[in-house]
Amino acid sequence: MTSTDRKVNYRPFTFFGGKGGTGKTSCAAAYALALAAQGARTLMVSTDPAHSLADAYGAEIGFEVVKLEENLWGIEIDPEVEAKKYMKGIQEKMLHIVSAAIVDEIKRQIEIAYTSPGAEEAAIFDKFIELMESLGERFDAIVFDTAPTGHTLRLLTLPEILGTWIEHLIEKRKKAMHMMKMAARYDSVLAEKIEEDPILDTLTARRDKFDLARKILTDPERSVFHFVLNAEKLPILETARALELLRNHGIATGGLVVNKILPPEAGPFFEKRREAQEEYLQDIRSRFAGRKILEIPLLDSDIQGREQLIRLSPLFADLDG
Amino acid sequence: MKKDRSALSKIWEFLCLFHHGTFVDKRMAVVRKEAYDINDNLMMLLFGDFLGIPNPISYYMLELLPYMAEDLVPWQRRMQNRKFIIAEKAAQYDFD
Ligand SMILES: Nc1ncnc2c1ncn2[C@@H]1O[C@H](COP(=O)(O)OP(=O)(O)OP(=O)(O)O)[C@@H](O)[C@H]1O
Ligand SMILES: [Mg+2]
């Protein structure tokens, strides 16, 4: 296969999601290669804790952006590294404001929040936003290879859910400040203390970040989510559910990539499998009618480097319609 | 029935206001107390997980720590000592 002249009509932010093992990482990398080949400065981002992007592409990629070839960069987000950076910033700021003794006293609590269930997602999410903000300057397109579905859906709906929560906190803080001001009419020390409110400022800044992320994610001109599935029963059901959920959250969903399709040359031994596959393909075509459906063949070996990705990447030219 | 109750509560409100108006200092103390109470509740929403209450956003709340660290320890002590809270609440409604 050679590269085609067809240009991909890409969005700045493209997400590849789907059930575990369906081929998200391979598809994201093949797609990113297609964009790079047509001259778009492209960044591939992996959020998958297993970090198979490096394996798929066949080069070292780390938790910092590295250049892989002309027009192509890669990064594997490490939530632990990101959370550490975040905490370090907070701790430095804290030492400027409060005594070391107090910092010491609340160390254990910090540890609790730092390892709370949402922490990992939040750390990945912050890095997402940081990378998205670098669009235009360094990159024309960012392609996200996401973790298996459930994880990713939580991640993408984070700004909406937490945005509501933080709005509530801002209201509460305003109310408290209002009461403080009333009390402060007779209390100059208190009045001075509430002259400026870094707490309100911090909450507002965080809310604005969520708002920005939400605006980007729900703008179909800027963001799109493609699903990778295989012609099997469970991935079809999971895809249908995930599409519905993303739609409810206002996130644009694009095409479906049906990966690992057994080709006719698989031979008579696979005939039965191919019959079953044909049935599932029919199901996919009718169930998701109106959507772009891309069929990607199963290669004769696992994808272990750029050479194999390049074979697949021209097929992705059609994905964005 | 409903009407009666709202009339009653109006009278009660009036009595409260009248009372507060008579004792400005006391009133300010109440306002101040209320402000602190709201802040205590806010602290609960921000840092509830420190007391074992799950908080969906606790990771992001860490960035408020530089400004709240000082209040955090006394707040935790207040929250953990429920008796103390009840005593505080009682003092608030002491209209002597
Ligand atoms: N079209 C294909 N032909 C042959 N092998 C493939 C194809 N697509 C993916 N594979 C192989 O299938 C395996 C899973 O693919 P990949 O890592 O891309 O899936 P994934 O959805 O990212 O998985 P995970 O959920 O673990 O992140 C890999 O070993 C990959 O090399
Ligand atoms: Mg993967």
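Leaving aside its neighbours within four places in sequence, which residues is B:Leu64 in contact with? Let's start there and then walk through the rest of this predicted model. The partners are A:Ile199, A:Thr202, A:Leu203, B:Leu46 and B:Phe47. So that you can find the spot, B:Leu64 sits in the loop of chain B between helix H3 (58–61) and helix H4 (65–80). Its relative accessibility is just 1%, and since anything under 20% is called buried, B:Leu64 counts as buried. If you'd like a distance to try on screen, go from the C-alpha of B:Leu64 to the C-alpha of B:Asn41: the two residues are 23 apart in sequence and 15 Å apart in space.

Now let's look at chain B as a whole. Chain B has five helices and zero strands, and reading along the sequence gives the pattern α-α-α-α-α. There are 96 residues in chain B, and 41% of them are buried. What about contacts along the chain? Taking the contacts in chain B with a separation of 6 or more, 51% come from residues 24 or more positions apart. The surface that chain B exposes comes to about 6,100 Å², with carbon and sulfur atoms supplying 63% of it.

One helix of chain B gives us another stop. B:Ala29 lies in helix H2, which covers residues 24–47 of chain B. Is B:Ala29 buried, exposed or partly exposed? Its relative accessible area is 43%, so B:Ala29 is partly exposed. Follow the chain for 13 residues from B:Ala29 to B:Leu42, and you'll find their C-alpha atoms separated by 20 Å.

Over to chain A. Here there are twelve helices and eight strands. Picture a box of roughly 90 × 40 × 35 Å, drawn along the principal axes: the C-alpha atoms of chain A fill it. Chain A has 321 residues, and 51% of them count as buried. If you take the contacts in chain A between residues at least 6 apart in sequence, 76% join residues at least 24 apart. Chain A exposes about 15,800 Å², and carbon and sulfur atoms supply 52% of that area. Then there are the charges: chain A has 42 positive and 51 negative ones, and the mean positions of the two sets are 4 Å apart.

How do two helices of chain A pack together? Try helix H3 (residues 79–97) and helix H6 (residues 119–133), whose axes are 8 Å apart and meet at an angle of about 80 degrees. An angle from 65 to 115 degrees counts as roughly perpendicular, so that is the word for H3(A) and H6(A). On the H3(A) side, the contact is made by A:Pro79, A:Glu82, A:Ala83 and A:Lys85. On the H6(A) side, A:Glu120, A:Ala123, A:Ile124 and A:Lys127 take part.

Another helix of chain A, H5 (residues 107–114), holds A:Arg108. With a relative accessibility of 56%, A:Arg108 counts as exposed. From A:Arg108 to A:Glu80 you cover 28 residues in sequence and 18 Å in space, C-alpha to C-alpha.

Next, find the loop between strand S3 (66–69) and strand S4 (72–76) of chain A, where A:Asn71 has its place. A:Glu70 is in the loop between S3 and S4 too. Which of these is buried and which is exposed? A:Asn71 is buried, with a relative accessible area of 16%, whereas A:Glu70 is exposed at 64%. A:Glu70 and A:Pro297 are 227 residues apart in sequence, and their C-alpha atoms are 27 Å apart in space.

There's a backbone detail to pick up as well. Most residues other than glycine have a negative phi. A:Asn71 isn't a glycine, yet its phi is positive, near 65 degrees. A:Lys260 isn't a glycine either, and its phi is positive too, at about 65 degrees. You'll find A:Lys260 in strand S7, residues 253–261 of chain A. And is A:Lys260 buried, exposed or partly exposed? Its relative accessibility is 38%, so A:Lys260 counts as partly exposed.

Technical notes:
Residues numbered from 1 in each chain as written. Chains lettered and ligands numbered in written order. Predicted model: local features only at pLDDT ≥ 70, side-chain atom pairs only at ≥ 80, totals over all residues. Heavy atoms only, no water. Helix = DSSP H or I, 4+ residues; strand = E, 2+ residues; numbered from the N terminus. Buried < 20%, exposed > 50% of the residue type's maximum accessible area, 1.4 Å probe, protein only. Contact = heavy atoms within 4.5 Å. Areas by Shrake-Rupley, 256 points an atom, 1.4 Å probe, with all protein chains shown as cover. Lys, Arg positive; Asp, Glu negative; His and termini not counted. Charge placed at Lys NZ, Arg CZ, Asp CG, Glu CD. Axes fitted to C-alpha atoms, helices over the stretch in contact; angles between N-to-C directions. Parallel < 35°, antiparallel > 145°, perpendicular 65-115°, else oblique.
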